[in-house]
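Visitor: I should like a close look at one part of this model, the open space in it that ranks first by size. Please continue from there to the local backbone and packing details that deserve attention.

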Amino acid sequence: MLSGWREVMARRPWRISAKLLIVSSVVTVIGFSAICVNVMLDMRRGEEALARQTLENLATTIEADISRNIDVYDLSLKAVASNMLLPEIGTVSKPIRQLILFDHATTARHFGAIQVFDAEGRLTIDASTLDPVPENRSDEDYFRVHRDNPGAGLFISRPMLFRGAYSIVLSRRISDTDGGFMGVVAGSIRFSYFHELFERLSLEPEDTITVLRRDRTIMMRRPFDLDVIGTNLSERQRWKANNLRIGSSFAGQGPIDETPRLYVRSNGASPLFVVAGKPLDVVFALWRTEALRIGAVVLVLALFVLGSTIVLAREIGRRAEAERKLEEMATTDALTGLRNRRKFDSVIDVEWRRAMRQQTSVALLMIDADHFKAYNDTFGHQAGDQVLVGIAICISDSVRRAGDCAARYGGEEFAVLLPNTSATDAFKIAETIRCKVQGWSDDQTTSTVSCGVASLVPTAGLEWSILVNAADKALYAAKAGGRNQSVVANLPKLSLVA
């Protein structure tokens, strides 16, 4: 019915407004949340970049110190290996030989004395004494490497117990002028050097410093653990070499323990490289605090905005409902529940213009209660009102299309607007209404109605009052013809179908 359709249309703008308010608020909250998340992620990346740079500087500094000491010690090894080829070495006294071989040898409390082993691995010369204790090192890795590989150069052994102290052994091959193997010159750097080096650094308890050989053998690690020292990471199945390429970083669980850390590898080219690690909890501790604070503020603001939006949406809904009711009261006849005269005039104006644009017919029924004044005088106004309500119910039951408009036109007169309806179809509806009214009334107080029917296709220059006048004249004709009947207006000049 038209009344139901109008109610939907009346509510729709307010519903759309409430929905738009909610959607806009949600979008705003999501937008601000996305911005905050992006800012927090940028902060996180910044904290990670800062920690990575700090660890890189630390690893590079440590590697540079280790590399410098290895280079200095290697120069002493080279000097001894070169001086062993001097012809007079075999003829001079032991003190003179010591001066020739070790005059430029580096001495420090963390460096072991340089030793010379012959081609059989026997100790022949020791920088710390003129009469070394006999020993044989032919079964050591560093000796076999130089014996079997003339191009080995400087060889750094795995961590080992050397001369009573845990050390790494640095060695070089001694070759004759023809390249033949003459023996090995070897020295050591004690673990005490690394301990002292690490103690000079300002590190957190869970920070790690790992010194590795190029084949990924752990030479030293802080915190110190003998079970880890000497381990080759290539033997760890879960740890891949690509995790830490030269000058790169890795965030996650490392190969030694399960603590997630940010690991950074030094980018130098020395025989030993350094990996510095810091727990991710420490790296992101400050960021996590800020993220929680910002997240809490954003959450509170989001809840406030959404809560306010819901309250406003409810108020808008209540206002829409109140205005709908006000509009319904303003456009509805209080007695019959049909549209009132003012609403009818508005609807017929709109439908008339639409029919004119689309060149479709518009039909109008004018319905009047027969002998209503006499009935009202006989049975009273309340009984008369009941008759009017009954007629309105019969009209509502007969007019079911959404675009139709049934209204109380005034007093005991009703009007029914039927868009896109021919005179024939309108007449059938009028007869349906008339028969229902006649069947509804009881025998003692028989109530009937007379109906005037008019239908035409609007053309330019015509006003809808013509249709009302035509239906009104048809109603008068029905009254004059004896009442309780329907009459179709005949307007041949307007091409009216009767």
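**The largest pocket and beyond**

Guide: Nineteen residues, written 19 in the count, line the largest pocket, and those that lie nearest its centre are Leu212, Leu233, Trp239, Leu244 and Val275. The model is a predicted one, and the volume of this pocket comes to about 260 Å³. By class, the lining divides into twelve nonpolar residues, six charged and one polar. Four strands each supply at least two residues of this lining: E7 (208-213), E8 (218-222), E10 (260-265) and E11 (272-279).

One of these strands, E8 (218-222), leads to a backbone detail. Proline 223 lies in the loop between E8 and strand E9 (249-253), and the peptide bond that joins arginine 222 to proline 223 is cis, with omega near 5°.

Further along the chain, the backbone has two residues with a positive phi that are not glycines. Glutamine 359 has a phi of about 55°, and its place is in the loop between helix H7 (341-358) and E12. Its relative accessibility is 48%, so glutamine 359 counts as partly exposed, given that exposed requires over 50%. Histidine 371 has a positive phi of about 50° and is found in the loop between E12 and H8. With a relative accessible area of 52%, histidine 371 is exposed.

Helix H8 covers residues 372-379, and its buried residues are Phe372, Tyr375 and Asn376. Viewed down the axis of H8, these buried residues fall within an arc of 100°, so they line one face of the helix. The general rule behind such a pattern is that an α-helix has 3.6 residues a turn, so residues three or four places apart point the same way. On the face of H8 turned away from the buried side are the exposed residues Lys373, Asp377 and Thr378. The buried residues of H8 pack against two elements, strand E12 (362-369) and helix H9 (381-398). After H8 comes glycine 380, whose phi is positive, near 100°.

Strand E12, against which the buried residues of H8 pack, is in turn joined to strand E14 by seven bridges, and the two strands run antiparallel. Within that pairing, methionine 366 has alanine 415 of E14 as its bridge partner. Strand E13 (residues 405-410) is also joined to E14, here by five bridges, and this pair likewise runs antiparallel. Alanine 415 of E14 serves as bridge partner here too, to alanine 407. E13 and E14 form a hairpin with two residues between them, and in its turn glycine 411 has a positive phi of about 60°.

What, then, is the surrounding of E14, residues 413-419? Seven of its seven residues are buried, so the strand is largely enclosed by the rest of the structure. As a rule, the side chains of a regular strand alternate between the two faces of the sheet. In E14, Glu413, Ala415, Leu417 and Pro419 point one way, whereas Phe414, Val416 and Leu418 point the other way, and all are buried. Glu413, a charged residue by class, is thus listed among the buried residues of this strand.

Definitions and conventions:
Residues are numbered from 1 along each chain as its sequence is written. This is a predicted model: local features need pLDDT of at least 70, side-chain atom pairs count only at pLDDT 80 or more; totals for chains, interfaces and linings use all residues. Side-chain values use heavy atoms; hydrogens and water are left out. On a 1 Å grid over the protein atoms alone, a cavity is a set of points where a 1.4 Å probe fits but cannot get out, and a pocket is an open set with protein on both sides within 12 Å along at least five of seven lines; lining residues have an atom within 4 Å of a point. Grid points are joined across faces, edges and corners, and a volume is the space filled by probe spheres set on the points. Buried means under 20% relative accessible area, exposed over 50%, partly exposed in between (1.4 Å probe, protein chains only). The arc is that of the directions from the helix axis to the C-beta atoms. Contact means heavy atoms within 4.5 Å. Two strands pair if DSSP finds at least two bridges between them.
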